[in-house]
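Trainee: I should like to understand how the terms used for this structure are justified. May we go through them one by one?

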Amino acid sequence: MPAKEVLESEHAIRWFSDVKASEVPQVGIKGQRLGLLYQRHFPVPAGFVLTAKAHHALLEHAQLSSRLHALLRQLHTLSEHELHTTCDELRTALLQASFPKSIEEALQEAYELLSTNSQQLAGATASALLILKNSAEPPFVAVRSSPLLSSSSFPSFLNVKGASS
């Protein structure tokens, strides 16, 4: 794996247990708050945040970054119809985009770790871990945006099950 991809995957995910109060620019407001609640033992299930660096890597990998910056530069010159059309095109491109392979693998691994618990892992051999990994039912998760600005609003998806969802 190229060095750039390793660096991207290392900074793509922050577990709730590792989030710091100062990390709003990396994990967003909701991600930071969930992390702090988790660390203070509130009833928040284990989870992780996909960081702003992962988002930027997606934009670069899908070659959307320059297109998005160009739109922002000419925002004030577009008619309402042009703005809606351009935003729809960008939204479609984002929905069809894929992460760099290293981040996709890190995300898949983090999701799979959510379906294991410490009792299952205690004293397990490598072959037992493989059996657990292959037999465990994928957990239901909530996929929520964590905007870097409190005024941003994006949809949340509840009861998502399986990495391909």
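Mentor: Let us begin with burial in helix 6, bearing in mind that the model is predicted. The buried residues of this helix are S102, I103, A106, A110 and Y111.

Trainee: What makes a residue of helix 6 count as buried?

Mentor: Buried means a relative accessible area under 20%, and S102 is one of the residues of helix 6 that are buried.

Trainee: How do you know that the span of helix 6 is close to the one expected?

Mentor: Helix 6 covers residues 101-114, which is 14 residues. From first C-alpha to last it reaches 20 Å, close to the 20 Å expected at 1.5 Å a residue.

Trainee: Why is the pair of W15 and F48 called edge-to-face?

Mentor: Two aromatic pairs are counted. In that of W15 and F48, the centres are 5.2 Å apart and the planes stand at 65°. Centres must lie within 6.5 Å, and planes over 60 degrees apart count as edge-to-face, so the name applies. W15 lies in strand 1 and F48 in strand 2, so the pair ties together parts 33 residues apart in sequence.

Trainee: Why is the pair of F16 and Y38 called tilted?

Mentor: The ring centres of F16 and Y38 are 6.2 Å apart, with the planes at 55°. That angle is neither under 30 nor over 60 degrees, so the pair is tilted.

Trainee: Why is F16 called buried, and why is Y38 called partly exposed?

Mentor: F16 has a relative accessible area of 8%, under the 20% limit, so it is buried. Y38 has 29%, between 20% and 50%, and is therefore partly exposed.

Terms used: Residues numbered from 1 in each chain as written. Predicted model: local features only at pLDDT ≥ 70, side-chain atom pairs only at ≥ 80, totals over all residues. Heavy atoms only, no water. Helix = DSSP H or I, 4+ residues; strand = E, 2+ residues; numbered from the N terminus. Expected span 1.5 Å × (residues − 1). Buried < 20%, exposed > 50% of the residue type's maximum accessible area, 1.4 Å probe, protein only. Phe/Tyr/Trp six-rings, centres within 6.5 Å; stacked < 30°, edge-to-face > 60°.
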